[in-house]
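Hi everyone, thanks for making time. Let me put the sequence and the structure up so that we can walk through them together.

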Amino acid sequence: MKFWSQTAAILMKDILTEYRTRDVLTSMLLFGLLVILMFHFAFESDLEGIRKFGPGLLWMTFIFAGLLGMNRSFAGEKENDALEGLMLSPVSWSSIYLGKMLANLLFLLLAEAIILCLFSFLFNYGIWPRIGWMAAITFLGTLGFASVGTLLAAVSANTRMSEVMLPVLLVPLVLPVILSAVLATAANFAQPPEEQVMFFWIPVLAAYDIIFVTLSLMTFDYVLEK
Amino acid sequence: MIDDAVVVENAEKWFGLNPALANVSLRVHQGEFVVLLGRNGAGKSTLLRVMARLVKPNRGGVRICGVDVARDPERGRERIGLVAHQTFLYPGLSARENLRLHARLHGIEGAGERVAAALSEAGLDLSADRPVRGFSRGMQQRLAIARATLHGPELVLLDEPFTGLDLEAAELLSERLRQWAAAGRTIVMATHNLEQGPEGVTRWVLLDRGRIVTEWTGDSRAARSRYRQFLTGAPDSSVGPRN
């Protein structure tokens, strides 16, 4: 009970800070908007190209926008050494990880929802009939990304050039998640939808999530420990 | 009844190939006010961080009020309040929100009243709902002290707490130290500057290159003179091996 109450306190702190500063969401949304606009001009009249590459472009936008958000997630903790303040509290350091990971997941999902709407509008991409499955795929893919991303953001926050270090460490590790999410999304939006393919990749995504969240919870103490 | 607030046994800490602490043992009794002296890099801050379990020693152990912090770090940290040069505050949150967060993490009941009382004691009632980002260094340090002691820790650790403070804030901190010492709270403070000589100190411990060189009792003036002799390398028969 104490663990969850402390996790909720850390999550609420991140939400309140984001509500005040809008640092993470603004940077992710601006970047997402720019990328989607660039793709829009590049693929303007190529409907077949959009159908073929749409899922990949969408997840590429999610991941690069997410990297910006992840980079910011521990920046606030470094100011005034606030992270050490959390570490000094009688909390399990796993609850620090979980609180921050849930906050990152929430911000990523919010940004992705807006980017997805924009994508659908600009490319006239029919996401709405299959939005339920798209939501499930996006949630699972983002959970995998946020779980490893939060862990590695904590690692890279203590390094020089942390903004370069995070993508270098994170992208190779989440490659299986990205591939599964792209293939599941493509199967979901295929005409007609390839449900067999989609139902193969969704459990794969779920399995990655379970492994990544568990491993991150187990190793976060070692990341913080000096 | 546990008499020792802190027991450090043969603590060693290496950062790469550099020894920050070399076989340090220190026992601080309940109600003592111990000042750790030494040049920059002598190991004072590392020793405090080892006590607070922010840094894991390579060898040796620490007990806080009878709790082995390696085995039960959360129970150990419940008993500690740390005031450092860095304030540990979230600049985007208000003073009240910072204290509320701390109260929630410590599971303090009746947090609202405790927070209001702490803000009032720190003289921050009128700025309680302003973001900390706009606070002066002195106001931030007052809030940091309120935060560190909100949960009523048995042991207060201070790491160079006077650094960067204006005169008013430094006097307030000195007054708070006097109050804590008079109330019998255990205090361990690291400093290399004795100009703001604290009162009520029961023991002075001198560190050099990660080792405890010597320790003595006496008032601030005598300690200042003895420490100056150590820094300038002047011969002083009283600065000898530790008993």
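I'll start where the chains touch, then go to a pair of helices, and finish with a sheet.

One thing to keep in mind throughout: this is a predicted model.

So, how do chain A and chain B meet? On one side we have 23 residues of chain A, and they are in contact with 25 residues of chain B. If you look for the elements that give two or more residues to chain A's side, you find α1, residues 2-21, and α5, residues 82-88, of chain A. The top contributor there is α1(A), with 8 residues. Sorted by class, chain A's side has 7 nonpolar, 8 polar and 8 charged residues.

Let's stay with α1(A), and look at its packing with another helix of chain A. In general, two packed helices are described by the angle between their axes and the distance between the axes. Here the partner is α6 of chain A, residues 93-123; the angle is about 40°, and the axes are 8 Å apart. The two helices, α1(A) and α6(A), are therefore oblique to each other. The crossing of α1(A) past α6(A) is right-handed. If you want to find the contact on screen, look in α1(A) for residues including Phe3(A), Ile10(A) and Leu11(A), and in α6(A) for residues including Leu98(A), Leu102(A) and Phe107(A). By class, this contact has 9 nonpolar, 4 polar and 3 charged residues.

Now over to chain B. Its 6 strands in the order β6-β7-β8-β3-β9-β10 form an open sheet with mixed pairing. At the edges sit β6 and β10 of chain B, each pairing on one side only. On average, neighbouring strands are turned by 20° against each other, direction ignored.

Which strand should we zoom in on? I'd pick β7(B), residues 155-159: 5 of its 5 residues are buried, so the strand is largely enclosed by the rest of the structure. Leu155(B), Leu157(B) and Asp159(B) point one way, while Val156(B) and Leu158(B) point the other way.

What does β7(B) pair with? It runs parallel to β6(B), joined by 4 bridges, and it pairs with β8(B) in the parallel sense over 5 bridges. Follow Leu157(B) and you can see both: it is the bridge partner of Leu82(B), and it stands opposite Val188(B) in β8(B).

Last stop, a helix: α1 of chain B, residues 44-51, lies across β3, β7, β8 and β9 of chain B, running at about 150° to β8(B).

Notes: Residues are numbered from 1 along each chain as its sequence is written. Chains are lettered from A and ligands numbered from 1 in the order in which they are written. This is a predicted model: local features need pLDDT of at least 70, side-chain atom pairs count only at pLDDT 80 or more; totals for chains, interfaces and linings use all residues. Two residues are in contact if their C-beta atoms, placed from the backbone, lie within 7 Å. Ala, Val, Leu, Ile, Met, Phe, Trp, Tyr, Cys and Pro count as nonpolar, Asp, Glu, Lys and Arg as charged, and the others, Gly among them, as polar. Axes are lines fitted to C-alpha atoms, for helices over the stretch in contact, and angles run from 0 to 180 degrees between N-to-C directions. Angles under 35 degrees count as roughly parallel, over 145 as roughly antiparallel, 65 to 115 as roughly perpendicular and the rest as oblique. A crossing is left-handed if the near helix is turned anticlockwise from the far one by less than a right angle, and right-handed if clockwise. A residue is buried if 20 or more other C-beta atoms lie within 10 Å of its own, exposed if 12 or fewer, and partly exposed in between; C-beta atoms are placed from the backbone. Two strands pair if DSSP finds at least two bridges between them.
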